[in-house]
Amino acid sequence: MNRLAQFLCITALMGPWAPSLSAEGISRLELQGERITNSEFARSLHTGTNLETLSVTNCPNLTDEGLAVLQQFGSLRRISIRGCSAISDQGIRQLAGIRSLEQLELDSMDKLIGSGLDAFVPHQLIDLQISNCPSLSDEGLARVARLKSLQSLDLTGSGNITDT
């Protein structure tokens, strides 16, 4: 299968008429837009796919509960969540059930304070990016310090972090 067939991007096309994805060969999926709700998110994903990379951008109607479906994807290695304002630390905690996860990008998430990051302690998380998350605190950052396998950390524009 060629690289183009392995990548699928859905931009605000979700709705009751939108087909669910069943392509086994898709390894990278990008979802973005206001129309993506928890049910549309779950419907757009199927277990059994070879999904390795997931990017979710500007989906204000996707909540913590919606992320639970991702625990079914044992092949996921990279997840990027950007501008999804309804997702908090509770939702991020659910991602810790994905044992293959190596890279996590969290960007522009106002509710993220960092308390959900301790769920990743037994993981092999290598790369963590927490950008433009204004509520990230020193306490949340202390949880990141327990991630022993972490090789790269980016905290650009994030929060209430002090020098002490």
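This text leads through a predicted model of one chain, from its overall layout to its core and then to a single loop residue. Residues are numbered from 1 along the chain as its sequence is written, and side-chain values use heavy atoms, with hydrogens and water left out. Local features need pLDDT of at least 70 and side-chain atom pairs count only at pLDDT 80 or more, while totals for chains, interfaces and linings use all residues.

The chain has 3 helices and 7 strands (DSSP runs of H or I with at least four residues for helices, and of E with at least two for strands, numbered from the N terminus), and along the sequence they follow the pattern β-β-α-β-β-α-β-β-α-β. Of its 164 residues, 45% are buried, where buried means under 20% relative accessible area with a 1.4 Å probe, protein chains only.

The largest nonpolar core, a set of buried Ala, Val, Leu, Ile, Met, Phe, Trp, Tyr and Cys residues joined through side-chain atoms within 4.5 Å, holds 38 residues, of which F41, L70, I79, I81, I92, L95 and F120 touch the most other members. At least two residues of this core come from each of β2 (28–32), β3 (53–57), β4 (78–82), α2 (89–95), β5 (103–107) and β6 (127–131). Setting aside neighbours within four places in sequence, I92 is in contact (heavy atoms within 4.5 Å) with L67, I81, I87, L106, M109, L112, L117 and F120.

In the loop between β5 and β6 lies S115, which counts as buried because its relative accessible area is 17%. Not counting residues up to four places away in sequence, S115 touches D89, R93 and R143.

Notes: Buried < 20%, exposed > 50% of the residue type's maximum accessible area, 1.4 Å probe, protein only.
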